[in-house]
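Biologist: Please take a close look at a single part of this model for me, and explain each term as you go. I am a first-year student, so plain words are very welcome.

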Amino acid sequence: MLTAIVGINWGDEGKGRMVDLLSSDYDVICRYQGGNNAGHTVINDKGKFILNLLPSGILRETTVNVMGNGMVIDLEHLAGEIKSLTDRGINITPDNLKISEKAIVCLPYHKLLDILEEERLADKKFGSTRRGIAPVYSDKYMKKGIRMEDILRPDILRSKVRDILEWKNIVVSGYGHAPIQEEDIMEWLTKYGEIIAPYVTDVSDYLASAADAGKDIMFEAQLGALRDIDFGIYPYTSSSQTLASFAPIGAGIPGYKLDLSIGIMKAYSTCVGEGPFTVEMFGDEAEELRAAGGEYGAATGRPRRVGPFDVPASKYGVSVQGSDYIALTKMDVLSYLDKIPVCTAYEIDGEKTDKFPSGDRLKRAKPVVEYLDGFGDVSSCRSAEELPEAAKKYIEFIERAVGCPVKYVSVGAERDAYIELK
Ligand code: GDP
Ligand code: MG
């Protein structure tokens, strides 16, 4: 069984939390795109963890974790993440962590260029996490990337770095910054490369054998549908493919097909960084929702922009993710509301639509808001029978609106705070 767990919205839907819950049935968990701009929060019997690069399955003893070719990996950050988990008693070895030799290394100069560019843009910025993600993906497609396999070959690594820096320093000097020194990069690559090298392997070979042996493989996405480089709110997207159909490619088994696509969808909307966010709330109303949901970025600590559930955006998310069913998260957060606002359509140039637009039309969209009945505290509900009628109505409304069944409802951040619907 090959399953993708992906975000329906702008990210931070609770993917890490749902992977942690559902991974008990899986043998292998793979990250297939993105880098340490992700922040996946998991709260279980071992404590609270925020994972940036490692698949959330690393917290289970029985799963093998894969970081696929579609990822960009900051070696220093990964070494730190491995150390901090190991210090907390999590076992991480080349047996339960396998990193693709084809994944791209995110280097200090990628971070530097990310910061230089955001500063140059000033008030026109894209809201980068400043972790080098856009610059490193650009280099990948310019074919000027360092791959994980290169850190295993110090003999050829230096000449590769030298060639890349010859070009990179033309760019860096354009920002008026001092040239990047070959020695500094080599020192960094050697120091952190030594720590990470034992995990680097032919992941494709491993995954294909696992799939052929009937093992269950789960793909864990970073970010959501609306941040996909092609199908998201470009250019306010991430630089990678966040969609389920990309999962086998980014993990390393492009010839294999997904059996199941599970969409993680939030009971309301949040968005980190810049870009059009039609349903955005402001003032006290926003403060209340942000406080209730603890909506501050896991990777960056930035306050998240918040708003009501967005039907056009979520319906679009479900369709591009090809979701078989939904896990609806953070239902408990809405308990303080007597009337729950939901955006049922957009109004664009005087016309009402529930189709999610792109480009300039999206910027002009205004939300059409309706209200559903509040349902009170659902945080202790563990079965459909225990859910108040109004909560069931809210879920049914969402199922109808996005055209996909809800199978799981999450009512808290802890592993067992969820309801499985029939
Ligand atoms: P991800 O990036 O999709 O993995 O999501 P994040 O971890 O960035 O953000 C989700 C946040 O909501 C985390 O702080 C989770 O601990 C928390 N969370 C997840 N599910 C629920 C839920 O059902 N209720 C509440 N109250 N918090 C949740
Ligand atoms: Mg997150």
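Modeller: With pleasure. On a 1 Å grid over the protein atoms alone, a pocket is an open set of points with protein on both sides within 12 Å along at least five of seven lines, a cavity is a set where a 1.4 Å probe fits but cannot get out, and lining residues have an atom within 4 Å of a point. Points are joined across faces, edges and corners, and a volume is the space filled by probe spheres set on them.

What you see is a predicted model, so local features need pLDDT of at least 70 and side-chain atom pairs count only at pLDDT 80 or more, while totals for chains, interfaces and linings use all residues. Residues are numbered from 1 along each chain as its sequence is written, chains are lettered from A and ligands numbered from 1 in the order in which they are written, and side-chain values use heavy atoms, with hydrogens and water left out.

Let me start with the second largest pocket, which holds about 550 Å³ of space. It is lined by 28 residues, and those closest to its centre are Thr41, Gly293, Arg304, Lys330 and Ala413. Two or more lining residues come from each of helix 1 (15–22), strand 3 (40–44), strand 4 (47–51) and helix 9 (283–293) (helices, H or I with at least four residues, and strands, E with at least two, are DSSP runs numbered from the N terminus). Strand 3 supplies the largest share of this lining, with four residues. By class, the lining divides into eight nonpolar, 11 polar and nine charged residues (Ala, Val, Leu, Ile, Met, Phe, Trp, Tyr, Cys and Pro count as nonpolar, Asp, Glu, Lys and Arg as charged, and the others, Gly among them, as polar).

Now for the largest pocket, with about 990 Å³ of space. Of its 48 lining residues, Ser128, Ala134, Thr237, Ser238 and Ser239 are the closest to the centre. The elements giving two or more residues to this lining are helix 3 (108–121), helix 4 (133–141), helix 5 (154–174) and strand 10. Helix 4 gives the most, namely six residues. The classes here are 21 nonpolar, 15 polar and 12 charged residues.

A search of the whole structure also turns up one cavity of 30 Å³ or more, and about 30 Å³ of space lies in it. Its lining consists of Gln33, Gly70, Tyr137, Lys140, Tyr141, Ser240, Gln241 and Phe246. Three of these residues are nonpolar, four are polar and one is charged.

Strand 10 leads us from the largest pocket to the sheet. Here 10 strands form an open sheet with mixed pairing, in the order 9-7-5-2-10-1-11-15-19-20 (two strands pair if DSSP finds at least two bridges between them). Its edge strands are strand 9 (200–201) and strand 20 (418–420), each of which pairs on one side only.

Follow the order back from strand 10 (residues 217–224), which is joined to strand 2 by four bridges in the parallel sense. In this pair, Arg31 stands opposite Glu220. Strand 2 (residues 28–31) points Val28 and Cys30 one way and Ile29 and Arg31 the other way, and all are buried (buried means under 20% relative accessible area, exposed over 50%, partly exposed in between, with a 1.4 Å probe and protein chains only). Strand 2 also runs parallel to strand 5 (residues 64–67), again over four bridges, and Val28 stands opposite Val64.

Three bridges then pair strand 5 with strand 7 in the parallel sense. Along this pair, Asn65 has Leu97 as its bridge partner, and Met67 stands opposite Ile99. Strand 7 is covered on both faces: Leu97 and Ile99 on one side and Lys98 and Ser100 on the other are all buried. Two bridges pair strand 7 with strand 9, also parallel, and there Ser100 stands opposite Thr201.

Pause at Ser100, in strand 7 (residues 97–100). Ser100 counts as buried because its relative accessibility is 4%. Beyond neighbours within four places in sequence, Ser100 is in contact with Met67, Gly68, Asn69, Met148, Val200, Thr201 and Val203 (contact means heavy atoms within 4.5 Å).

One of those partners, Asn69, is found in the loop between strand 5 and strand 6 (72–73). Asn69 has 16% relative accessibility, so it counts as buried too. With neighbours within four places set aside, Asn69 is in contact with Ser100, Lys102, Ala103, Lys140, Ile249, Gly250, Ala251 and Gly252. Lys140 takes us back to the cavity, where it is one of the lining residues.
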